[in-house]
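The exercises below are meant to be worked through with the sequence and the 3D view side by side. Try each task before reading the solution under it.

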Amino acid sequence: MSDFPKFVEFREEGPREGFQIEKKIYPVEERIELIDMLSETGLKRIQVGSFVSPKYVPQMADTGELFQRIKRKPGVNYTSLWLNDKGFRKALTAHEVDIDPRLLFYPSEAFAQSNNNCSSAEMREKQRDWVRLYKEEGYTVDAAYVMTAFGCNLEGPIPQERILDDFRFILQLCEEEDIPVPILVIADTMGWGNPEAVKRMIGALRELAPEARIGMHIHDTRGLGIANVYAALSMGVDMFESSVAGLGGCPFAGHGHARAAGNVCTEDAVFLCHELGIETGIDLDKLIAAAVKAEEIIGVPLMGRVMHTGGLDKYRKSR
């Protein structure tokens with residue numbers, strides 16, 4: 001029996017995750033235009049860029065400039081990603097960054113080394129320092145991510161128990177530091193998940209943390225993204241990270257073809273929710289227009305479906 005939520009929050013990652021994997025560095029002006037269009041859709045959180053090493057991710061070297069030049073809409077949070085305390089400090093001093101403190105966990109040893117240049121155990125311990133750093137700056141952890149939750153291109157299958165062990169650590173850390181349990185995010189970083197695996201993982205996490213809010217970061221690498229969204233919705237998940245037009249992917253995930261690595265497409269997932277009678281607060285037509293703009297910027301056909309067909313409202317109204 002399905003347990004669909006009444007309202008779903010989408011957190012848009014396209015401007016960051018979408019452009020970090022591209023070999024070309026796209027002009028700031030074009031990315032500002034896309035962010036400004038996304039601001040008008042009803043999305044309440046947009047990840048503008050990341051404060052990471054420009055040596056390894058030169059596409060994000062101008063994130064500070066983006067924050068200076070975007071047109072902010074009241075009620076919209078403009079966030080960034082960081083992978084270490086140095087990046088967090090940069091976010092703190094950049095122009096009007098909405099800080100969303102997060103914790104990051106790597107059950108895949110190979111991905112920990114590839115993405116963060118440390119071991120899984122070292123990254124785990126660093127999260128203790130991050131919690132204290134956030135506290136010092138007056139912030140509470142918003143979300144905790146366990147990545148490669150269904151498998152890793154670099155390491156292979158990841159046992160569910162290893163994923164749950166990271167979530168147990170998160171719960172223990174929250175108790176030790178006397179902080180609220182954040183959103184627990186199951187991240188299918190490399191697109192290994194399938195609908196039944198998604199339901200099993202959510203069910204196991206709910207047994208572990210019955211009162212916690214669960215979110216999902218889903219990649220559509222192998223075409224199961226929207227099916228996995230549906231599976232998560234049926235289990236009551238009400239927060240998804242997604243990318244307009246299906247942009248993006250992690251440049252350190254070992255994908256065979258970068259353009260097949262994108263996050264689940266925001267407008268496709270929003271369309272699904274609306275068809276199921278689930279509210280999102282998002283104007284689908286405006287979101288489609290932003291997706292079309294993203295495709296114009298990239299200069300090749302992107303992976304979204306609804307952006308190329310439109311929704312069904314116009315056909316329903318014409319009958």
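A residue is called buried when its relative accessible area is under 20%, and exposed when that area is over 50%. The model used in these exercises is predicted.

**Exercise 1. Overall form**

Task: Decide whether the radius of gyration of the protein chain agrees or disagrees with that of a compact globule of 319 residues.

Solution: Begin with the expected value, which for a compact globule with 319 residues would be near 20 Å. The protein chain has a radius of gyration of 18 Å, which agrees with that expectation. Next, look at the extent of the C-alpha trace, which spans about 60 × 50 × 40 Å along its principal axes. Finally, turn to the interior: buried residues make up 57% of the 319 residues, and among contacts with a separation of 6 or more, 74% are between residues 24 or more positions apart. The chain that gives these values has 13 helices and 8 strands.

**Exercise 2. Cysteines**

Task: Find how many disulfides the structure holds, and explain why C174 is not part of one.

Solution: The first step is to recall that a disulfide is a covalent bond between the sulfur atoms of two cysteines. The structure holds 0 disulfides. For C174, the closest cysteine sulfur belongs to C118 and is 20 Å away, which is too far for a bond. C265 is likewise in no disulfide, its nearest cysteine sulfur being that of C273, at 12 Å. The last step is to place these two residues: C174 is buried, at 3% relative accessibility, and C265 also counts as buried, with a relative accessible area of 5%.

**Exercise 3. A helix and its surroundings**

Task: Work out why helix α10 (residues 266-275) can be described as largely enclosed by the rest of the structure.

Solution: Count the buried residues first; 7 of the 10 residues of α10 are buried, so the helix is largely enclosed. These buried residues are T266, E267, D268, A269, V270, L272 and C273. Then ask what they pack against, and the elements turn out to be β1 (9-12), α9 (225-234), β8 (239-242), α11 and α12 (306-309). After α10 comes G277, which has a positive phi near 80 degrees. One residue of the neighbouring element α11 (residues 284-298) is K293, a lysine that counts as buried at 17% relative accessibility. Leaving aside neighbours within four places in sequence, K293 is in contact with E33, L34 and M37.

**Exercise 4. Positive phi in two loops**

Task: For N117 and T148, state the sign of phi, and decide whether each residue is buried or exposed.

Solution: As background, most residues other than glycine have a negative phi. N117 has a positive phi, near 55 degrees, and lies in the loop between α5 (109-116) and α6 (120-136). At 65% relative accessibility, N117 is exposed. T148 also has a positive phi, near 45 degrees, but T148 is buried, with a relative accessible area of 0%. T148 belongs to the loop between β5 and α7, as does A149, where β5 covers 143-146 and α7 covers 160-177. A149 is buried as well, with a relative accessible area of 1%, and beyond the residues up to four places away in sequence A149 touches I163, I186, A187 and M201. As a last step, compare sequence with space: A149 and P159 are 10 residues apart in sequence, and their C-alpha atoms are 8.5 Å apart.

Methods. Residues are numbered from 1 along each chain as its sequence is written. This is a predicted model: local features need pLDDT of at least 70, side-chain atom pairs count only at pLDDT 80 or more; totals for chains, interfaces and linings use all residues. Side-chain values use heavy atoms; hydrogens and water are left out. Helices (H or I, at least four residues) and strands (E, at least two) are DSSP runs, numbered from the N terminus. The radius of gyration is taken over C-alpha atoms; the globule rule is 2.2 Å times the number of residues to the power 0.38. Buried means under 20% relative accessible area, exposed over 50%, partly exposed in between (1.4 Å probe, protein chains only). Contact means heavy atoms within 4.5 Å. A disulfide is a pair of cysteine sulfur atoms within 2.5 Å.
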